[in-house]
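These are my notebook entries on one structure, kept in the order in which I looked things up. I wanted to begin with the ligands and then turn to the sheets.

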Amino acid sequence: MGAEQSTPAEGQAPDSNTLTGPRALVVCGPSGVGKGTLIKRLMSGPDAAKLAFSVSHTTRKARDGEVDGIHYHFVSKEDFQEGIAAGRFLEHAEVHANLYGTSKQAVQDTLTSGKAAVLDVDVQGARQIRKAGVPALLVFVAPPSLEELERRLRGRGTETPVSMERRIQNARDEISSLNERGLFDYLLLNDDLEATAAELSRIAQRAIAGLPAEPGQVPDEVRFEEDGEEGAAAAGAAGGADSVLGIGGSGSTSNAAAAAAAGMQAAEALPTVGSGTISTVPKGAQQSSPAAAAHAQGSPVAQQRQQQSAPAQQQQPQQQELEQQQEQEQQLAGPSGAAAGGDVAAGLDAWRGKVALVTGASSGIGWAVCEALGRAGLRVVAVARRRERLQELQQLVLSAAVGMAPSDFLPVVCDVTKEAEVSALPKIIVKHWPDAGVDVLVNNAGLSRNDASLFDGNTASWVEMVSTNILGNAMATRMALQDMRRRNSWGHVINMVGLSGHRIPDAPAGGTFFAATKFAVRAITEGLRQEARANKVPLRVSGISPGLVETEFFTVRAFGDESAAKAVTSSMQCLQPSDVANAVLWCLSAPPYMEVNDIVIRPTQQMI
Ligand SMILES: Nc1nc2c(ncn2[C@@H]2O[C@H](COP(=O)(O)OP(=O)(O)O)[C@@H](O)[C@H]2O)c(=O)[nH]1
Ligand SMILES: Nc1ncnc2c1ncn2[C@@H]1O[C@H](COP(=O)(O)OP(=O)(O)O)[C@@H](O)[C@H]1O
């Protein structure tokens, strides 16, 4: 990225209307309006790979379910003050009696990496960002009414009565900031979540493409209708003499008109004492821009419809620019659109040059997966204990048959049951490829032992299976997730669950314990998916559950007894490792909106 695309230093104000690198997408609005919900959708939507959420610092206590480093960096007041003194914040503010701030470095790094940074900040923060001249699109999300805002906050169940009251009071001031000229680029009325999310996603695409805001997206005047004495008094206290809050009161603008202007059904907008309704009032129909009029006429959906139906020559030049850029990007980035589903080769193009780490790479499925990923143009980190087998794999993938470049293959001798060895993997990768980290993790390492019956099983075999199949998987996953979080770049984790994660095979012959570990892997796979969603990251998680595959697995299970292994693998026409590798490729090739969760594949002849 050239110098012109880097984030300007604080205080410098470049022409923020020129076409630069990606812009920050700043989402602002009162507490409870749905910013978090909208951002969550954005971050798991089709453009997620081109966006990075800026994790703020705060002195607020973590709520249940909030994770340090994911939702916020939870810090002490002292540490926060130290950050201010050291100039580490792009912006910071006291909000609802706590301190919040955005790391300058993190936003800078995101923009430099070619992604649009997504910020959730309060109005004070928005002002500072505007003043600093950071290339950004500033979006204000407004609630349909204060009553609805209160209902949402209450429904969320995170606030005490005191903090709830504080948030509702602050909301009035925050909404009045909409009338600060040039502060916000867009106003989104979050009455319909789907429509608002669609509109935010459209704005995010502009931020990614580095396009400026379309003009006229915030009406000239935004009124906040208060009903009755109670509301008007509160507005007066909060807003000062020229506050737009309460101007309408129950007088000049009727709530019905306000509702119509905001595109709501009159019945929904009927006020109750102390509630407020937001309306967007262009200053005179003649002067208002088409976009402002669209706002006044209806919800963001109506606005989008209007834009779609506008004749081409009436479209903003920026709109055409955006469409051209999107077209180019789609060609470059491969199929992230709906049409991509099923086209494996095209879907895999998006992964070219990405780094896949495969455990248990020295034989069978792991070996075949490395080979297949290499053919598909990924860089491969092959992890296994047996050095000589990794050398053989290296010979194969660098041969003409596979055709990997020597620099694209990194064999690493590592035992997944050893925490220190697993944790060291990202450092080894960065040393080899300074620009890279784990984008894809294929957790394949796993084993079974045939002396594991619950009647007289061998404890050492139980420990070996737990250590490799469960702990090895979990430690490798944690390593990959931390590496993805460090780079704020979320890829794909694929776990070899196996058919034994779904049913218990040959229990009398000692299969129970192996199945127990594989049931755990299935639980981990589904749990990881849920954690990713809860943590608002676009990581995708897949499990693959093959039945009998012709590999060394059965020899290991029989402690090297080839004939015992042969007895199993010759009992039917088994799956081949390449069949499973193809399933891995298919999981990866899915378009970003699609997550393949579990694939069960059996040899046709296999009974259970
Ligand atoms: N200025 C600023 N505000 C922030 C930052 N992070 C969060 N906020 C704002 O702080 C307010 C409170 O956020 P939070 O404690 O998560 O509560 P919530 O909005 O009720 O979910 C919201 O208005 C956020 O937009 C930040 O880094 N800077
Ligand atoms: N358009 C909407 N309609 C109804 N409820 C919504 C809408 N948008 C968000 N919510 C709900 O409102 C609550 C507050 O949303 P949240 O994203 O936590 O707000 P914020 O992050 O702005 O404080 C959540 O329970 C969310 O599910």
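Entry 1, ligand 1. I began with the polar contacts and found an oxygen atom of ligand 1 at 2.5 Å from an N or O atom in the side chain of Tyr 72. I note here that the model is a predicted one, so that every distance I write down is a computed value. I then looked up Tyr 100, where an N or O atom of the side chain is 2.3 Å from an oxygen atom of ligand 1. At Gly 101 the contact comes from the backbone instead, with an N or O atom that lies 3.1 Å from an oxygen atom of the ligand. How much of ligand 1 does the protein bury? Taken alone the ligand exposes 570 Å², and I find that the protein buries 96% of that.

Entry 2, the shell around ligand 1. I listed 19 residues around this ligand, of which Ser 31, Arg 60, Tyr 72, Tyr 100 and Asp 120 come nearest. Sorting the shell by class, I recorded five nonpolar, six polar and eight charged residues. I also checked which strands contribute, and strand E5 (89–95) and strand E6 (98–103) each supply at least two residues of this shell.

Entry 3, the sheet that holds E5 and E6. I followed these two strands into an open sheet of four strands, which has the order E4-E3-E6-E5 and mixed pairing. Strand E4 (72–74) and E5 are the edge strands, and each has a single partner strand, so one side of each is left without a neighbour in the sheet. On average, neighbouring strands here are turned by 25° against each other, direction ignored. I looked more closely at strand E3 (residues 56–58), which pairs with E4 in the parallel sense over three bridges. Which residue in E4 is the bridge partner of Ser 56? I found Tyr 72 there, and Tyr 72 is also one of the residues that come nearest to ligand 1. Helix H3 (residues 104–112) packs on this sheet, where it touches E5 and E6, and its direction makes about 35° with that of E6.

Entry 4, ligand 2. I counted 14 residues around this ligand, with Gly 32, Lys 35, Thr 37, Arg 156 and Asn 190 coming nearest. A polar side-chain atom of Thr 37 lies 2.5 Å from an oxygen atom of ligand 2. The backbone takes part as well, since I found a polar backbone atom of Gly 36 at 2.9 Å from an oxygen atom of the ligand, and a backbone N or O atom of Val 33 at 3.5 Å from one. Ligand 2 exposes 570 Å² when taken alone, and the protein buries 75% of that. By class I recorded three nonpolar, six polar and five charged residues in the shell. Helix H1 (35–43) and helix H5 (146–156) each supply at least two of the shell residues.

Entry 5, the seven-stranded sheet. I moved on to an open sheet with parallel pairing, whose seven strands have the order E14-E13-E12-E15-E16-E17-E18. Its edges are strand E14 (409–413) and strand E18 (598–601), each of which pairs on one side only. Neighbouring strands are turned by 15° against each other on average, direction ignored. Within the sheet I looked up strand E16 (residues 492–496) and strand E17 (residues 540–546), which pair over five bridges in the parallel sense, and I noted that Met 496 stands opposite Ile 544 in E17.

Entry 6, helices on that sheet. Helix H18 (residues 425–432) lies across strand E12 (355–359), strand E13 (379–384) and E14, and I noted an angle of about 145° to E14. Helix H19 (residues 459–487) lies across E12, strand E15 (440–443) and E16, and runs at about 180° to E15.

Methods: Residues numbered from 1 in each chain as written. Chains lettered and ligands numbered in written order. Predicted model: local features only at pLDDT ≥ 70, side-chain atom pairs only at ≥ 80, totals over all residues. Heavy atoms only, no water. Pairing = 2+ DSSP bridges. Axes fitted to C-alpha atoms, helices over the stretch in contact; angles between N-to-C directions. Contact = heavy atoms within 4.5 Å. Near = heavy atom within 4 Å. Polar contact = N/O pair within 3.5 Å; in protein donor to acceptor, adjacent residues only side chain to side chain. Areas by Shrake-Rupley, 256 points an atom, 1.4 Å probe, with all protein chains shown as cover. Nonpolar A, V, L, I, M, F, W, Y, C, P; charged D, E, K, R; others polar.
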